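Reader: Hey, could you walk me through this one? I'm new to this, so plain words please.

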Amino acid sequence: MAVVKLFGAWLSPYCYRVIWALKLKGIAYEYIEEDLSNKSPLLLQYNPIHKKIPVLLHDDKPICESTVILRYIDEIWPQNPLLPADPHERAVALFWIKFADDKSPLISKLFRTDGEEQQAVAKECFEMLEVLEEHALIGGKKFFGGDEINMVDIAFCSVAHWLGVIEDFAGLKIFEPHKFPRLNSWIQNFKSVPVIKDNLPDTDKMLALLKRRREMLLASKSS
Amino acid sequence: MAEEVVLLDFWPSLFGMRSRIALAEKGIKYEYKEEDLRNKSALLLQMNPVHKKIPVLIHNGKPVCESLIQVQYIDEVWHDKAPLLPSDPYQKATVRADYIDKKIYDLGSRVWKTKGEEQATAKKEFIESLKLIEKELGDKPYFGGESFGYVDVAFIPFYSWFYAYEKCGNFSIEAECPKLIAWAKRCMQKESVAKSLPDQQKVYDFILQMKKHFGIE
């Protein structure tokens, strides 16, 4: 019986991507919480180049990078497919997943910057949301995946949950429902899906941790 | 139904070359359309409205954007000839080409776009990254093992730019990474690669023009 282990960190959206995929496919796994300020020797052994989470261990074989893990999971466990079967539709899905991967770091950058730099990042975030609103949710689809969520929906989790929390924390207003009606519907729909709803980090806990992290960041910047 | 394949491209593009190679490996007939990036065609803007960039692969009227996605698409649709990706899911997961895009491309750009100390730093980091990739290759004939594969396709286009990097940065890549150059020359013996890569001198002349345009001496 194959053993599946996931090394993750409770605050990381990339970690949740993998958790949701495993749960959607009904795969049993052991979760190991990593303290990112004190990484375990196991993590360093399994991801020596980037030393990052998430790392999936399948039969002692490590797979790194959340998108790579998602694609691997989808291939090994084909039930509840997370990517379209048609090659062209799959290529379009992969395009949006790459877009999500390229742009998601902006959201965490929002909380790591301030002043003019933060304004510039906020503008880039706004532009990213505009692209999604205009190009990705056409045809009145409920989800990026159509009637059910798929890997593209999962890939945009930062927009669905983390952006709102960081905006609250930083006192920014980038996403406004009336400016992004399609995206707003998608966020409501996405967060209502049981697997997602039941597996999201608690907002208050997130805010408390963000506050501590930011204090540490500012302290190290001024020293 | 006849297959219609069009590639919107720009001759020195490292990314366009990847798709050219993949199409050639599979023996696919296609129409190559050269784009003027200062005056992008209506077709390009329609087919890649999000990024407005080349290369764009258009298969029976439907666009596929992003070079690595194109290579995967080509490998999937024309799967009966010259497979580029491993069939084993775990091997597929460990075949990674995005390091090349994130690191090598950016560092190489800095080598020709900067001068003085900034360039010296870029050169050092560029060589370090090439050495890491050389280590990945090891003693294998190709990154894919015994046969030419996905990572080879992703990386060989950079060889056409090596001469330009070397002249701009005043260094020899062969002296630093001889195994990598041996691998590149091995790839160049394949018709699909030789036909898809532009002449190195031509690329250097293009870079010199770009430098003038950007005011970098």
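Author: Here is a chat about how the chains meet, what the record says, and some charged pairs.

Author: First the ground rules: this is a predicted model, where local features need pLDDT of at least 70, side-chain atom pairs count only at pLDDT 80 or more, and totals for chains, interfaces and linings use all residues. Residues are numbered from 1 along each chain as its sequence is written, chains are lettered from A and ligands numbered from 1 in the order in which they are written, and side-chain values use heavy atoms, with hydrogens and water left out.

Reader: Ok! How many residues does each chain put into the contact?

Author: Chain A brings 21 residues and chain B brings 20 residues. Contact here means heavy atoms within 4.5 Å.

Reader: And what area is buried between chain A and chain B?

Author: About 1,900 Å², with carbon and sulfur atoms giving 67% of that. Buried area is the accessible area (1.4 Å probe) that two parts lose on being put together, summed over both. On the chain A side, Glu75(A), His88(A) and Phe95(A) lose the most area to chain B, together 31% of what that side buries.

Reader: Which salt bridge does Glu75(A) form?

Author: Glu75(A) pairs with Lys92(B), and their closest N and O atoms are 3.2 Å apart. A salt bridge is a side-chain nitrogen of Lys or Arg within 4 Å of a carboxyl oxygen of Asp or Glu. The rule finds 3 salt bridges across the interface of chain A and chain B.

Reader: Why would side chains pair like that?

Author: Side chains of opposite charge can pair when their charged atoms come close.

Reader: How many residue pairs are in polar contact across the interface?

Author: The rule finds 6 residue pairs, both residues at pLDDT 80 or more. A polar contact is a pair of N or O atoms within 3.5 Å; within protein, one must be able to donate a hydrogen and the other to accept it, and residues adjacent in sequence count only if both atoms are side-chain atoms.

Reader: Which elements of chain A supply the side that touches chain B?

Author: β4 (61-64), α3 (66-76), α4 (87-103) and α6 (115-136) of chain A each supply at least two residues. α4(A) gives the most, with 9 residues. Helices (H or I, at least four residues) and strands (E, at least two) are DSSP runs, numbered from the N terminus.

Reader: How do the residues on that side divide up?

Author: There are 13 nonpolar, 2 polar and 6 charged residues on the side of chain A that touches chain B. Ala, Val, Leu, Ile, Met, Phe, Trp, Tyr, Cys and Pro count as nonpolar, Asp, Glu, Lys and Arg as charged, and the others, Gly among them, as polar.

Reader: Let's zoom in on chain B. Is Gln72(B) buried or exposed?

Author: Gln72(B) counts as buried because its relative accessibility is 12%. Buried means under 20% relative accessible area, exposed over 50%, and partly exposed in between (1.4 Å probe, protein chains only). Gln72(B) sits in helix α3 (residues 67-77) of chain B. Leaving out residues up to four places away in sequence, Gln72(B) touches Arg71(A), Leu94(A), Leu85(B) and Tyr150(B).

Reader: New topic: what does UniProt place on chain A?

Author: An unreviewed UniProt entry places "domain: GST N-terminal" at residues 2-81 of chain A, and "domain: GST C-terminal" covers residues 86-218 of chain A, also from an unreviewed entry. UniProt positions are given in the numbering used here, feature names are shortened, and annotations may be inferred rather than shown by experiment.

Reader: How much helix and strand is in each span?

Author: Residues 2-81 of chain A are 36% helix and 21% strand, with the end C-alpha atoms 20 Å apart. Residues 86-218 of chain A are 74% helix and 0% strand, and their end C-alpha atoms lie 49 Å apart.

Reader: Back to charges. How many salt bridges are there over all chains?

Author: The whole structure has 21 salt bridges. One of them joins Lys123(A) to Glu127(A), with the closest N and O atoms 3.1 Å apart. Lys123(A) and Glu127(A) both lie in helix α6 of chain A, 4 residues apart, about one turn of the helix.

Reader: Is Lys123(A) buried or exposed?

Author: Lys123(A) is exposed, because its relative accessible area is 54%. Glu127(A), at 36%, is partly exposed.

Reader: Which residues are linked in a network of salt bridges?

Author: Lys98(A), Asp102(A) and Glu66(B) are linked that way.
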